[in-house]
Amino acid sequence: MTELSEDRIAAYIATRLPDAREVAVDQLARISGGASRETYRLRLRYRDAAGEAVERRLILRRDPPASLIETERHIEFAAYRAFHGTAVPVPQMLWLEQDPAPLDYPFFIGEELVGFEASPTALLAEPYLSKREQLGRRKWTILGEISRADPQALGLTAVMDPVAPEACWRRELDYWEGVLDEDEVTPQPIIRAAIRWLRANPPPPAQKISVVHGDFRTGNFLYDAAGEIHGILDWEMAHLGDPLEDLGWGLNRIWCWGQDDLRGGLLPRDAAIAVWEAASGLKADPAALHWWELFNCVKGQGIWVSSAKAWADGETRDLIMIVSAWRMFNPQDRAALELMGQL
Amino acid sequence: MKPDPEAVLGHLAGLMLQTIAPQAQPAYLAGTIGMAGILLASLAQEWDRAADRLVEENRAIRDLFRQAEAVALDGPLAGELRALAGGEEEDLRVSTLEAANTGLRAALIALHAAVETQDDATSRALNAAIWAELSASTRRRTLANAPF
């Protein structure tokens, strides 16, 4: 991994702020911020054209040599920008740099939302424990807003691959089965059985084409002790597709952090679905949602398999890769078994 | 080995998670130490059970392959299953058991795909036995504090 320096970042930002003077960066620190990109926190200071001192807390997300998920940074950047200022809270994005020259790998920079919690396990104790229902309602309301949104009006059809309503399921299943074919380090008899079932029992066409966040789960949003959500993060797998894909991912049993039946550690399954339906104006047809929940077990195992392979091949030595593989393989299999009535 | 590796690994995990990580700076280093603690805790659990789990599972899958002799399968698959069914664990190193497990589970996928589409009573019984073994395989692998 190539180390960043405050001076190199300041030099880059100075090129993006031609009217600024005395551009300086300090307090650079890497943080845990998703396994697909290296995430850093920093403070930017400069004087604007009027000579006024400006200080901003920023986040820099840089492509790593290897990642849990192969993703397109310009799509992630575009998704943040599209939803900024809407009913879906996201941090403001500032600069996208595709050229690796300034900081060795492509990256983007956005504002830091300061002072909020992201950890799923923090929900297991006060002051957050008693706010779980409220947070759950906010979480699935926001997902409903994402599902309700018009991708074309947001400008996202210009950067995301189009897909027909009847083709959503096959495109996603083909992709994640391909990931398993390529990266599987041990045979996956449970997930392979799930794939056979999914192909034999396809869901109905999507009721609409929505923006799919792709990783909408507890752990990928910032919240506070009052039960409010301040930022939806980690849009690296965002794409156009069936809105039930996102709903199914968030309901996955692997996110039951309290070892109970609260989905995402927040709400019972039926309550979460009801909140999403009310906010989205869409219906979660039980059979269709079941398909997408099982599909998400395939997708999840694809992610954990890729993390195991990346570490085994020496592409990265980040411990999150092993933790993901060791801790999630088996719960993911159990989640699939439960959905197939075989647990 | 004495003291027991399981106890030593568990102690190291607790040390990292409860003592070292909370004092470490910057936050990313603390997170890395915390993950190392989680991995040690997982290793502690696997140390004692890994060989037993793999032997039990490999035997269970071979038993399924023996049951498959009563089912109509295509020639190459039937031959592969017959050959695998005759094996036995002699080398009990975990790496050897894992290698055998990989081969057995790969063949189990092929058997499952072949059996689940057949509608005779023998095939249905074998299909049910395969599902029961897959469910048992997840119980053998469950780690403490897993989300599910």
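## Chain B, its partner and the shared core

Of the 148 residues that make up chain B, 26% count as buried. Keep in mind that this is a predicted model. The predictor gives the complex an ipTM of 0.95 and a pTM of 0.95, and for chain B the average pLDDT is 94, with 100% of the residues scoring at least 70.

**Chain B on its own**

Chain B has five helices and zero strands, so reading from the N terminus you just get α-α-α-α-α. Its radius of gyration is 20 Å, well over the 15 Å that the globule rule gives for 148 residues, so chain B is more spread out than a compact globule. Along the principal axes, its C-alpha atoms fill a box of roughly 65 × 30 × 20 Å. As for contacts within chain B at a separation of 6 or more, 67% of them come from residues 24 or more positions apart.

Two prolines in chain B follow cis peptide bonds. One such bond joins B:Lys2 and B:Pro3, with omega at about -5°, and B:Pro3 sits in the segment before α1 (5-23) of chain B. The other joins B:Gln25 and B:Pro26, with omega at about 0°; B:Pro26 is in the loop between α1 and α2 (27-67) of chain B.

**Chain A and its two domains**

Chain A is assigned domain 1 (6-15 + 26-111) and domain 2 (121-339). Taken over C-alpha atoms, the centres of these two domains of chain A are 25 Å apart. Where they meet, 22 residues of domain 1 are in contact with 27 residues of domain 2. The domain 1 side of that boundary divides into 16 nonpolar, four polar and two charged residues.

**The cores**

Which residues have the most contacts inside the largest nonpolar core? That core has 119 residues, and the ones in question are A:Ile9, A:Ala79, A:Ala194, A:Ala336 and B:Leu111. Its largest share, 14 residues, comes from helix α8 (residues 286-312) of chain A. Why does this core lie between domain 1 and domain 2 of chain A? Both domains give residues to the core, so it lies between them.

A:Ala79 gives a residue-level view: leaving aside neighbours within four places in sequence, A:Ala79 is in contact with A:Leu156, A:Val211, A:Trp235 and A:Ala238. There is also a second, separate core of eight residues, including B:Ile33, B:Met35, B:Leu40 and B:Ala44.

**Where the chains touch**

Across the interface, 31 residues of chain A are in contact with 27 residues of chain B. On the chain A side, β1 (21-31), α5 (189-200) and α9 (319-339) each supply at least two residues. The largest share there, twelve residues, comes from α9 of chain A. By class, the side of chain A that touches chain B has 19 nonpolar, five polar and seven charged residues.

**A few residues to click on**

Here are three residues, with their locations and C-beta neighbour counts.

| Residue | Location | C-beta atoms within 10 Å |
|---|---|---|
| A:Pro100 | loop between β4 (93-97) and β5 (107-111) of chain A | 12 neighbours, exposed |
| A:Asp234 | loop between β8 (229-232) and β9 (239-241) of chain A | 25 neighbours, buried |
| B:Asn145 | segment after α5 (121-141) of chain B | 12 neighbours, exposed |

Is A:Asp234 buried or exposed? A:Asp234 is buried, because 25 other C-beta atoms lie within 10 Å and the cut-off for buried is 20 or more. If you like checking backbone torsions, A:Asp234 has a positive phi of about 55° although it is not a glycine. B:Asn145 is another non-glycine residue with a positive phi, near 70°. B:Asn145 counts as exposed because it has 12 C-beta neighbours inside 10 Å, and exposed is the class for 12 or fewer.

A:Pro100 also counts as exposed, with 12 C-beta neighbours inside 10 Å. Not counting residues up to four places away in sequence, A:Pro100 touches A:Tyr105 and A:Pro106. For a sense of scale, A:Pro100 and A:Asp333 are 233 residues apart in sequence and 38 Å apart in space, C-alpha to C-alpha.

Key
Residues are numbered from 1 along each chain as its sequence is written. Chains are lettered from A and ligands numbered from 1 in the order in which they are written. This is a predicted model: local features need pLDDT of at least 70, side-chain atom pairs count only at pLDDT 80 or more; totals for chains, interfaces and linings use all residues. A nonpolar core is a set of buried Ala, Val, Leu, Ile, Met, Phe, Trp, Tyr and Cys residues joined through C-beta atoms within 7 Å. Helices (H or I, at least four residues) and strands (E, at least two) are DSSP runs, numbered from the N terminus. Domain bounds come from an automatic or database domain assignment. Two residues are in contact if their C-beta atoms, placed from the backbone, lie within 7 Å. Ala, Val, Leu, Ile, Met, Phe, Trp, Tyr, Cys and Pro count as nonpolar, Asp, Glu, Lys and Arg as charged, and the others, Gly among them, as polar. pLDDT is the predictor's confidence in each residue, from 0 to 100. The radius of gyration is taken over C-alpha atoms; the globule rule is 2.2 Å times the number of residues to the power 0.38.
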